[in-house]
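These are my notebook entries from a reading of one structure, set down in the order in which I looked things up.

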Amino acid sequence: MKTLIKNGTIVNHDGSQKANVLINGDRIALITADEPAADKVIDASGKLVMPGLIDMHVHFRDPGLEYKDDINTGSETAVAGGVTTCCPMANTNPVNDNAVVTRDMVAKAKARGLIDLLPIGAITSKMDGKKCVEMGDMTEAGAVAFSDDGLPVASSDVMRYALEYSKHFGSFVINHSQDCSLCRGGHMNEGRVSAILGIKGMPREQEEIMVSRDLLLAKLTGGHIHIAHVSSEWSLKLIAQARAAGINVTCEATPHHF
């Protein structure tokens, strides 16, 4: 069966264009300005046509905390929003810190058959910040990266090992960038607004100090560090400087982190 999506704006990673898309079966056969014959025609006037999106930071909480979300409901929600690949964090119960849990997560997603599930394994066993997981076994089982999610790896030595091991297995590390000794139970950025609202704040340096440390460890090891949810101007300056120096670093931010 041939399907034609016409009059849409095709958006790709490197630009956009007005064109028509001809799909033959389950594959894109042609991108063209013409209007070839098709069994089904979808008029996408005023709409965007793009590849399936990738969400690299989700919380499906499966196994163990399915009352919050699970792989089936998470998959359904993802495809409803145009997301076809998801990377769930390791804050499950039990923690995704071994190949058995990783393999079961992938199998459940395949059974539902809606999205590609690429689990992010924990950096440390039980996410306690003390001992690195068996990254080789977990990578073989399907883990694509490693993160203790909302728990920063406080030990520089453990983070060094994590970056070295993940590099060896062609993977990378995502850290929650906070020096918790500076957080002091804060709930927002420390400054004029927090003072007016009477809400205990945290200085932005609690993020910037940890970002600096991880960039230096990535320089030392040659590993790939990914800085999650950047929220500081200086963090971005540090990341830009590191990239210019050839350090393997990437980063992310979502709207509420602005």
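**Entry 1. Helix H7**

I began with helix H7, residues 233-244, in what is a predicted model. I noted 12 residues in H7 and a reach of 17 Å from its first C-alpha to its last. That is close to the 16 Å expected at 1.5 Å a residue.

I then asked which residues of H7 are buried. They are Ser235, Leu238, Ile239 and Ala242. Looking down the axis of H7, I found these buried residues within an arc of 100°, so they line one face of the helix. The general rule is that an α-helix has 3.6 residues a turn, so residues three or four places apart point the same way.

Turning to the face of H7 directed away from its buried side, I recorded the exposed residues Glu233, Gln241 and Ala244.

I next looked up what covers the buried residues of H7. The cover includes helix H6 (205-221), strand E14 (225-227) and strand E15 (249-251).

**Entry 2. The ends of H7**

At the N-terminal end of H7, I found Ser232 acting as a cap. A side-chain oxygen of Ser232 lies 3.1 Å from the backbone nitrogen of Trp234. On the other side, H7 is followed by Gly246, and I noted that the phi of Gly246 is positive, near 90°.

**Entry 3. The largest pocket**

I looked up the largest pocket and recorded a volume of about 560 Å³. Its lining comprises 23 residues. Which of them lie nearest its centre? I listed Glu207, His229, Val230, Ser231 and His257. The elements that give two or more residues to this lining are strand E12 (188-189) and H6.

His229 deserved a separate check. I placed His229 in the loop between E14 and H7. Its phi is positive, about 35°, although His229 is not a glycine. Is His229 buried or exposed? With a relative accessible area of 17%, His229 is buried, because the cut-off for buried is under 20%.

**Entry 4. Arg213**

I stayed with helix H6, where Arg213 is found. Arg213 counts as buried, at 14% relative accessibility. I then asked which residues Arg213 touches, not counting those up to four places away in sequence. They are Val153, Ala154, Ser155, Ser156, Met159 and Asn175. For one of these, Met159, I also looked up the separation from Arg213: 54 residues in sequence and 9.6 Å in space, C-alpha to C-alpha.

**Entry 5. Val79**

I took Val79 next, in helix H1. Its relative accessible area is 32%, so Val79 is partly exposed. Leaving aside residues up to four places away in sequence, I found that Val79 touches Leu114 and Ile115. I also looked up Val79 against Ile42, 37 residues apart along the chain, and recorded 19 Å between their C-alpha atoms.

**Entry 6. Backbone details in the loops**

I searched for cis peptide bonds and recorded one between Asp62 and Pro63, with omega about 20°. Pro63 has its place in the loop between strand E6 (53-58) and helix H1 (71-80). I recorded another cis peptide bond between Asn93 and Pro94, with omega about 5°. Pro94 lies in the loop between strand E7 (83-88) and helix H2 (99-112).

I also noted Lys126, a residue other than glycine with a positive phi, near 60°. Where is Lys126 found? I located Lys126 in the loop between strand E9 (120-121) and helix H3 (135-141). Lys126 is exposed, with a relative accessible area of 65%. His229, in contrast to this exposed residue, is buried.

**Entry 7. The chain as a whole**

I closed with the overall figures. The chain has 7 helices and 15 strands. Along its principal axes, the C-alpha trace spans about 65 × 45 × 40 Å. Of the 258 residues of the chain, 43% count as buried. I last asked what share of the contacts with a separation of 6 or more comes from residues 24 or more positions apart. The share for the chain is 66%.

Terms used: Residues are numbered from 1 along each chain as its sequence is written. This is a predicted model: local features need pLDDT of at least 70, side-chain atom pairs count only at pLDDT 80 or more; totals for chains, interfaces and linings use all residues. Side-chain values use heavy atoms; hydrogens and water are left out. Helices (H or I, at least four residues) and strands (E, at least two) are DSSP runs, numbered from the N terminus. The expected span of a helix is 1.5 Å times one less than its number of residues. Buried means under 20% relative accessible area, exposed over 50%, partly exposed in between (1.4 Å probe, protein chains only). The arc is that of the directions from the helix axis to the C-beta atoms. Contact means heavy atoms within 4.5 Å. A polar contact is a pair of N or O atoms within 3.5 Å; within protein, one must be able to donate a hydrogen and the other to accept it, and residues adjacent in sequence count only if both atoms are side-chain atoms. On a 1 Å grid over the protein atoms alone, a cavity is a set of points where a 1.4 Å probe fits but cannot get out, and a pocket is an open set with protein on both sides within 12 Å along at least five of seven lines; lining residues have an atom within 4 Å of a point. Grid points are joined across faces, edges and corners, and a volume is the space filled by probe spheres set on the points.
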